[in-house]
Amino acid sequence: MEVVVFGLGCSECHSTAGLVERVANKLNIPVHLTLNESKKERERLGIHTTPAVAVDGQLVHSRGIPSHEKVAVWLMPKPLDLLKHPTRHLFFTGKGGVGKTSLSTAVALHLANNDQGASCLGPHSGLKMQEIRFKAALDALSNPALTSVILVTRPDKGAIAEASRTSDELKELGLNNQRLVVNGVFHASDKTDVVANAFEALVSQALDEMPGNLRGLPQDLVPLRAFDTVGLPALRALLSAKTHVSTSATPFTAPKMQHGIGLAALADELAQAGRSLIMVMGKGGVGKTTVAAALALGLVQRGKTVHLSTTDPAAHLAGTLEGVVDGLRVDRIDPQVETQRYVDKIMATKGAGLNEQERALMLEDLKSPCTEEVAVFHAFSRVVSEARSAFVVLDTAPTGHSMLLMDATGAYHRQMLREFETHGTAHFGVDALGRLVARSE
């Protein structure tokens, strides 16, 4: 494996080379490591910041000393490319599943339309090496002979509405070969059970009111099963008419559940603080939006002014509340709106003194997909900062998405610290970022 560290011969370049060598030795991976200080070679590859690293001719890093984890990823053997000899790709998606596909499209379009030497995604020459991979992935996903998109939803009004939105967004990306699976369809076994019949009626109503774009798709209804769907026998039973699964496992006896204090008592406790940031987190579909809305209303009932917002792209808050409440401000962090607001701000400030050609170049660079990430982070930090003097309730996206968003806070903070430590200075901005990190931990 050929590894080249490009730089000016500075201490960071030598530290990066030493880090690569140590990680390679630890992983027992043979590498041929060289230091390249040629300015001409850096210009040829479009490298504007150092140290930069290339692995087997592919530029993987520029600017700053990389982390141990990043170096390990570069050196580890890559898995087989499943797109080379596909028979059929089954692309299962539900709430929020369109994001990564949309990002792949945005990156591919950015690479195709941007011929600058660098962007906030990284050195353009390095990204260009990935363009073929992005295009192959998009071609495979949009080819109905290779890929079936299976939309999975519950028989619930909100979940079906989200599946409808996802279906339209995927079609805009070219993924038209779609199929709908409605999972957990309840049928009352005892027609004299009033509660069960009412629940079945809600399910039937949700299916009857299904939007037209989903109604036209091939559909599969999976009944709600009365057994745990873990293990091969249980999963196979989902494809049959079995109502039970025989298992040799030891019968499970549920422990006695302790009663919690309830949301009312939690709202009482939170209200005593006078101000707070309340982030409701968890896996998709567990009821985060319902709990967030209930806590916000509870605080309003206790005489508090509350800002209820969401970072979830699905944005079910408005549908959950369905009304206006005095003392409660409800909104959401809309990526498109925040991105446009951020672009307008940058063009009005940083681009104010530029000529027309320079402004066009700046605007082109701001079309990069990571501009949205920066804009959403700015909006997130604005909402979080309100908790210094008020109550803020955040209905977050599913945990993985939320953790990435909060990790961005720490990443910006660490980058600022490195910048200021390099120049031997300290500024108020670092402390402000530190407070934001502490508030979001």
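Which handedness does the crossing of H11 and H12 have? The points below take up this matter and others in a predicted model.

1. The crossing of H11 and H12 is right-handed. Helix H11 covers residues 263-271 and helix H12 residues 288-301; their axes cross at roughly 55° and come within 9 Å. Angles under 35 degrees count as roughly parallel and those from 65 to 115 as roughly perpendicular, so H11 is oblique to H12.

2. The residues that form this contact can be listed for each helix. From H11 come Leu263, Leu266, Ala267, Leu270 and Ala271, which meet Val291, Ala294, Leu295, Gly298 and Leu299 of H12. Sorted by class, the contact of H11 with H12 comprises nine nonpolar residues, one polar residue and no charged residues.

3. A second helix pair is formed by H14 (residues 335-349) and H15 (residues 356-365), whose axes lie 11 Å apart and pack at an angle of about 155°. Because angles over 145 degrees count as roughly antiparallel, H14 is described as roughly antiparallel to H15. The crossing in which H14 passes H15 is right-handed.

4. In the contact between these two helices, Val343, Ile346 and Met347 of H14 meet Arg359, Met362 and Leu363 of H15. By class, the contact of H14 with H15 has five nonpolar residues, one charged residue and no polar residues.

5. Turning to the strands, an open sheet of four strands with mixed pairing follows the order E2-E1-E3-E4. Strand E2 (32-36) and strand E4 (58-62) each have a single partner strand and stand at the edges, so one side of each is left without a neighbour in the sheet. On average, and with direction ignored, neighbouring strands of this sheet are turned by 20° against each other.

6. Within the sheet, strand E3 (residues 52-55) runs antiparallel to E4, and four bridges join the two. Val53 has His61 in E4 as its bridge partner. Helix H1 (residues 11-27) lies across strand E1 (2-6), E2 and E3, and runs at about 175° to E2.

7. Ser309 belongs to strand E12 (residues 306-310). With a relative accessible area of 0%, Ser309 is buried, since the term applies to values under 20%. Neighbours within four places in sequence set aside, the residues in contact with Ser309 are Leu317, Asp331, Arg332, Ile333, Val383, Val393, Leu394 and Asp395.

Terms used:
Residues are numbered from 1 along each chain as its sequence is written. This is a predicted model: local features need pLDDT of at least 70, side-chain atom pairs count only at pLDDT 80 or more; totals for chains, interfaces and linings use all residues. Side-chain values use heavy atoms; hydrogens and water are left out. Two strands pair if DSSP finds at least two bridges between them. Axes are lines fitted to C-alpha atoms, for helices over the stretch in contact, and angles run from 0 to 180 degrees between N-to-C directions. Contact means heavy atoms within 4.5 Å. Buried means under 20% relative accessible area, exposed over 50%, partly exposed in between (1.4 Å probe, protein chains only). A crossing is left-handed if the near helix is turned anticlockwise from the far one by less than a right angle, and right-handed if clockwise. Ala, Val, Leu, Ile, Met, Phe, Trp, Tyr, Cys and Pro count as nonpolar, Asp, Glu, Lys and Arg as charged, and the others, Gly among them, as polar.
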